[in-house]
Structures are given as structure tokens and as C-alpha cells.
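Morning, everyone. I'll take a few minutes on the inside of one model. Have a look at it first.

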Amino acid sequence: MDMKTPFYDKIVEAGGRMVSFAGYQMSVQFEGIIPEHTKVREAVGVFDVSHMGRVEVKGPQALEFLEHLVTNEMSSLDMYQALYTVMCYPDGGIVDDLLIYRLPDHYLVVVNASNNSKDQAWMREQAKSKDTEIIDRTAEMAQLAVQGPKVEGVLSKLTSADLSGIGFYKGLEMELAGVKMFVSRTGYTGEDGFELYFPAEHAGMVWDSVFEAGSGEGIAPIGLGARDTLRLEMKYALYGNDIDKTTNPIEAGLSWVVKLDKGDFIARDVLLKVTEEKPSRRLVCLEVKGQGIPRPHDIIVADGEEVGAVTSGTFSPSLKKGIALGYVRSGYTKSDTELVVRTRRGEVTVVVVKPPFYKNASHK
Amino acid sequence: MANVPENLRYSKTHEWVRIEGTKATIGITDFAQGELSDIVMVEPPEIGRELNAGDAMGVIEAVKAVSDLYSPVSGKVIEVNIKLASNPETCNKDAYGEGWIVKLEMADPAEAGKLLDAAGYKEHLAAEGH
């Protein structure tokens, strides 16, 4: 039996096509993937992301525990700042990718919906000898992402707080739509955007207020379908597709969240070795030349020999052509390298390009 | 609820067929276009190709999925809808009209009797849980 997010009724009312996703009833689309995608790139869109896991970490050793758990550097976090990171198994495989906020008396860890229980079990296991508390806040908190170049103007109508003063990956506690909440300038689209965290009981009211504030700007609800095309155009990794327990963050292009010189942490030795020896494969961006759309698991070929596989692939509504991510053996990962993808409709020529696919995003 | 016109025949793989004499015009049903959503590429068969009923004859790419197009009847391809090359979304907007995909000269017009009628297709959709 699927769970419902606090926005379920609003989403059904808005015409969402409901599917089962990570144990929740979620909308895969409303008007259609392409029009929703365009709304977010050009105006503003609203995503219910309450299915994500929200975990509070607190106690005297919370910082020490998290610093050991994740690969990025926790101690550099300012108050209300967000950090993107991964946590790894000792062999370097990725447990999950995470967003961690530093708040006044605790850290808030946001994890992928499909990994929520696995992640919490892993965190509790690692926290055994530490004086820290791990509390699941998933059910009691709503999480709403409002994304698009017009977002600041829309949300400013609902709060007296100065949203323009919030930098990228920074946040603030404020009253918005009459509800005390935490608001951060974060997202998964490449556009300027905010994420709102607040008690679940206010979900319907906040939803209505946000849509009323955005009605003159063409605000629209956005489903999981466009969420995926938007993130893929930016080369944001999706756990389960592009990263998982069999991939390490170095080959996934996430070296920037691995701080090898911060002191010891889980998988440091392995990741140091991979960094020094260079990974044997890398996650690359592939743009289709001509027609065709690579799909996950399609084989990537060079000189008639298999050199990799696609992990994510879609039609890019912004570029109007097929784009994909895939792991490719070293030697074939440089920009402008031409490769072939074996798709269901035949062989498609692709070229390795530099991320992101979409260069005009508005994010700050 | 998907639109299922009374005057057409249907396959279990969600193609529709309009029979006029020995000619069969084929497209995908309203249900199929709704499931695929956002069609971005339609690859029809080559003109002149001989097909048996049930053959995969083309490919439909949507943003999130790719699907084969099957021939509901046997016959020879006599025309394809070239407008879909530049406007594939027509299959979403007008599935039973301007969104037609291919026309066949049927090898055996009696095959049309094996296809589902509107009531049969609606039952098929219900049986698949839609």
C-alpha cells in the first residue's frame, strides 16, 4: 500500500497522473513533460518532493559523526548553509547522495526516497559509538520545491523576508504564507529555485498560497517526468541510474564532493587510491548527432568494441535532441569523442560533451 | 477515460485501423498516446515493405519511453504520414485523425474480422487494468 504525501489531494485535484514511486503515490505528469519542462525553464514550476527522506541529526557528536559518514567537508558549513555530498560504503560504492543543512540545534539530512530506510539504517549503524541522535522527520515535514527564473518574485509576495539576500545553497528561517518554515535556495533543475520545509499539516494552505502568488507568472505543477528531464539536462546524477553501490564518486564525476584532505572518513583510502590511479571509467555526457534517443542499459561502442553503457537517457526538451549519461572506459571520455550507442531502433552516433547539456540555466 | 471511436478496429497492442475497401489506415490509440505522452519521434516503415499481421513495423519515441509499432494486419505499405517527421506530437493531439501513421494495401481483407471492435477494445483496456 503506497503512502501519500501531504500534497496528495492537491496534486490529484490539479490533474496529476498518479504512479507508484518509491512507496508513494506521486504524479509523473500534469499537462505533459515538455510543457512542464518549459514552464520551469522559462517561468516557475512547483514540485512536491515530500517523498524525499528528511532525517534530523543532533547531539554533542553530530558534526564528528557526519564528518566521518560523508565525503564532503561538514566543518566548513555556515549556519543555514546546505552541502551536497555522498556517503559511501567502505569499498567506495555510494550509499546515497544527500543534501545536509546546518540548522541552529541540529543538522537536517535530505535523502532519496527510495533509499530512506536503507540510509537511516546505515546512519544508525555508523552512529553506534557516537553521542548523537538520529530522528526520522519524513512524515511530519512537507517539502516543496519552487523552481524557475521567476521564483524570487513569486515567493517574495508571500513573505516579508528578503529572499534576494539568500545565496545559492544558503537558507533562512522565515514566515512564508503565514507558516514558520525553513527556506533554502536549492533545487534539482539548474534554474534559480527554493525549497520549502515546513510542518506537513500546512501543506494544502501553502500549496494554494504559492499558486495564487504565481498565477500571473504562469505557475504550474510539475511531475516526476519533467523533474527527470530537467535534472538530466544539467547532468545532475540520479541514484539508481547514474550512481549506486557499484559506482564510486570519483568515476561518477563527483570528485568535487570528496575532500580527501579533511581527515579520515568512510572509504577515504579507497577513494584516495582511485584518485591517484585515475578511474578506469567515467560518467560522461553524450549528445546525439542526428536522430535517436539512448535509453538506460543501451550499450556504448567504439571501433566495434563495447566501451560502456548508458545510465540515463532522454529526449532533451531544451536541446530538442537525445541526450544521455553513461559510463565509458578511459580513453574514450574526452570531449568531442564520437561513440555509437546501440538503441532499440538501431545504432545512434553520439558525441562526448562537457556538462551541462543546457547552458542557459538561471541558477544562482 | 480514453476515447475509443465506434467506427474503427483495434489491436491488443493499441493500434487503431480504419478499413476502406482493401486499404487500412493505421495509427496509435488515444490510450496509447496518453500512456506514451510527449511523442518526439515517429519512425514509420518503408513504403513498399510487405508486412505480416503482428510484425514490428516502426518505432515511436516519447520523451521517457520507446515503443514498437505493430502491424495489425498483413499487407504492403503504400503511404506513410510524412508530416509526422516534423510534427510527431500530432499523434498526441489528434491520434485518430491527422496523427495517422501508415496506410497498407491489405493482403487479406478478411483479416479485419480478427481485430477488436470498439467494445472489444474497451474490454481489453479494462482487462489490462486501465
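Keep in mind that this is a predicted model. I'll start with the lining of the largest cavity: eight residues there are nonpolar, two are polar and two are charged. The volume of this cavity is about 90 Å³. How many cavities of 30 Å³ or more does the whole structure have? The search finds one.

Now, who lines the largest cavity? Among the lining residues are Ile11(A), Met26(A), Ser27(A) and Phe30(A). Val46(A), Phe47(A) and Asp48(A) are there too. Trp207(A), Ile222(A), Gly223(A), Leu224(A) and Arg227(A) also belong to the lining. By element, strand 3, strand 4 and helix 7 of chain A each give at least two residues. Strand 4 of chain A has the largest share, with three.

Stay with helix 7 of chain A, residues 224-233. Is this helix mostly covered or mostly open? Mostly covered: 10 of its 10 residues are buried. That includes charged side chains by name: Arg227(A), Asp228(A), Arg231(A) and Glu233(A) are on the buried list. So are Leu224(A), Leu230(A) and Leu232(A).

What does the covering? Strands 2, 3 and 4 of chain A take part, and so does helix 2. Strand 17 (305-316) and strand 18 (321-329) of chain A are also among the covering elements. After helix 7 of chain A comes Lys235(A), with a positive phi near 60 degrees.

On to the nonpolar cores. The largest has 73 residues. Those with the most contacts inside this core are Val57(A), Leu66(A), Leu69(A), Tyr101(A), Val109(A) and Met123(A). Strand 7 of chain A, residues 94-103, brings the largest share of this core, seven residues. There is also a second, separate core of 31 residues. Val46(A), Ala142(A), Val151(A) and Phe211(A) are included in that second core. You met Val46(A) a moment ago, in the lining of the largest cavity.

Back to Met123(A). What does Met123(A) touch, leaving aside neighbours within four places in sequence? The contacts are Val55(A), Val57(A), Phe65(A), Leu69(A), Met87(A), Val109(A) and Ile134(A).

Last topic, cysteines. How many disulfides are there over all chains? Zero. Two cysteines deserve a mention for their burial. Cys285(A) has a relative accessible area of 2%, so this residue is buried. Cys91(B) is at 1% relative accessibility, and therefore also counts as buried. The cut-off for buried is under 20%.

That's my tour. Questions, please.

Conventions
Residues numbered from 1 in each chain as written. Chains lettered and ligands numbered in written order. Predicted model: local features only at pLDDT ≥ 70, side-chain atom pairs only at ≥ 80, totals over all residues. Heavy atoms only, no water. Disulfide = S-S within 2.5 Å. Buried < 20%, exposed > 50% of the residue type's maximum accessible area, 1.4 Å probe, protein only. Core = buried A, V, L, I, M, F, W, Y, C linked by side-chain atoms within 4.5 Å. Helix = DSSP H or I, 4+ residues; strand = E, 2+ residues; numbered from the N terminus. Contact = heavy atoms within 4.5 Å. 1 Å grid on protein atoms, 1.4 Å probe; cavity = no way out; pocket = protein on both sides within 12 Å on 5 of 7 lines; lining within 4 Å. Points joined across faces, edges and corners; volume = space filled by probe spheres on them.
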